[in-house]
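Open your viewer and get ready to click along. We'll go from stop to stop, and at each one you'll hear what to select and what is there.

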Amino acid sequence: MGTPETSREPCPDRILDDAGGAFGMGVVGGGAYHFLKGLYNSPKGARLYGGAQALRMNAPRVGGSFAVWGGVFSTFDCTMVYLRQKEDPWNSILSGAATGGFLAMRQGMGATARSAAMGGVLLALIEGAGIMLTTVLEKNQNQAIMMEDPAAGMTGLPGPEAEGSSSSSVGSWLGGWFGKGKEAEAAASSGSETTILESFDAPPVPSYDYK
């Protein structure tokens, strides 16, 4: 799983990509906000028309502001990548601070410093949230892979075949002992029956022949 820095477009194309994405977010988000605001502020019977007019007038302006911010940010980001020769979250943090200070430069040094600090803090929070999300997703993916693998280190435990063989051997051992006992009992009972039957033989029939 790639990090947010490595999954972005390469630097020359990154500027146009970020500017277009920021313009789209500004148009959608700003248009929804101003449409709802126009609905609320318009009189009854003309709320839908007022919301549509507010969206048409303000959505391009908000989208343009977002596009300017995204384009300037990507320009500074590519500059940091070129100067530092590596991709890491510090490029985005420094670029956010530089973008905030650059766009507020016309309002004086105090406003420039405050905007730079706000831009740096905002990008630091965004990068931190992205790193945490990536770490959690990778951890969950590794846990899922480990759960799918067979359990390691369990070769010493008897398997189903070993358990079946042990139970069969125990059964045959017990059956041998108890089987011999049953056979002895059967032989003894048959012998006793034979002796009893022999002891109860009928007496000889007397002969009445004349001698």
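First, some vocabulary: a residue is buried if its relative accessible area is under 20%, exposed if that area is over 50%, and partly exposed in between, using a 1.4 Å probe and protein chains only. Try that on Phe-102, which is partly exposed with a relative accessible area of 43%.

Two notes on what you're looking at. This is a predicted model, where local features need pLDDT of at least 70 and side-chain atom pairs count only at pLDDT 80 or more, while totals for chains, interfaces and linings use all residues. Residues are numbered from 1 along each chain as its sequence is written, and side-chain values use heavy atoms, with hydrogens and water left out.

**Stop 1: the whole chain**

Switch to cartoon view. You should find five helices and zero strands. Helices (H or I, at least four residues) and strands (E, at least two) are DSSP runs, numbered from the N terminus. Reading along the sequence gives you the pattern α-α-α-α-α. Of the 211 residues in the chain, 22% are buried.

Now show the surface. About 15,600 Å² of the chain is exposed, and carbon and sulfur atoms supply 68% of that area. Areas like this come from the Shrake-Rupley method with a 1.4 Å probe; for residues, only the protein chains shown count as cover.

Contacts come next, meaning heavy atoms within 4.5 Å. Take the contacts between residues at least 6 apart in sequence: 59% of them join residues at least 24 apart.

**Stop 2: Arg-14 and its partners**

Select Arg-14, which sits in helix H1 (residues 11-41). Is Arg-14 buried or exposed? It counts as buried, because its relative accessibility is 3%.

Now look for salt bridges, where a side-chain nitrogen of Lys or Arg lies within 4 Å of a carboxyl oxygen of Asp or Glu. How many does a search of the whole structure find? The search finds three. One of them joins Arg-14 to Asp-77, with the closest N and O atoms 3.1 Å apart. That pair links distant parts of the chain, since Arg-14 is in helix H1 and Asp-77 is in helix H2, 63 residues apart. Asp-77 counts as buried, at 1% relative accessibility.

Add Glu-87 to your selection. Arg-14 forms a salt bridge with Glu-87 too, and here the closest N and O atoms are 3.0 Å apart. Glu-87 lies in the loop between H2 and H3 and Arg-14 in helix H1, so this pair ties together parts that are 73 residues apart in sequence. At 35% relative accessibility, Glu-87 counts as partly exposed.

Then select Asp-88 and Arg-84, whose salt bridge has its closest N and O atoms 2.7 Å apart. Asp-88 counts as buried at 13% relative accessibility, while Arg-84 counts as partly exposed at 28%. Going back to the earlier trio, salt bridges that share partners join Arg-14, Asp-77 and Glu-87 into one network.

**Stop 3: the aromatic rings**

A pair of aromatic rings is described by the distance of the centres and the angle of the planes. Rings of Phe, Tyr and Trp (its six-membered ring) pair if their centres lie within 6.5 Å; planes under 30 degrees apart count as stacked, over 60 as edge-to-face and the rest as tilted. A search of the whole structure finds two aromatic pairs.

Select Trp-69 and Phe-73: this pair is stacked, at 5.5 Å centre to centre with 10 degrees between the planes. Both are in helix H2 (residues 47-84), and because they are four residues apart, about one helical turn separates them. Trp-69 is partly exposed at 29% relative accessible area, whereas Phe-73 is buried at 9%.

Next, pick Phe-76 and Phe-102, an edge-to-face pair at 6.1 Å centre to centre with 70 degrees between the planes. Phe-76 is in helix H2 and Phe-102 in helix H3 (residues 89-103), 26 residues apart.

**Stop 4: Gly-120**

Finish by selecting Gly-120 in helix H4 (residues 109-148). Gly-120 counts as buried, with 12% relative accessibility. Which residues does Gly-120 touch, not counting those up to four places away in sequence? They are Ile-93, Gly-96 and Ala-97. Also draw a C-alpha to C-alpha line from Gly-120 to Ser-95: they are 25 residues apart in sequence and 7.6 Å apart in space.
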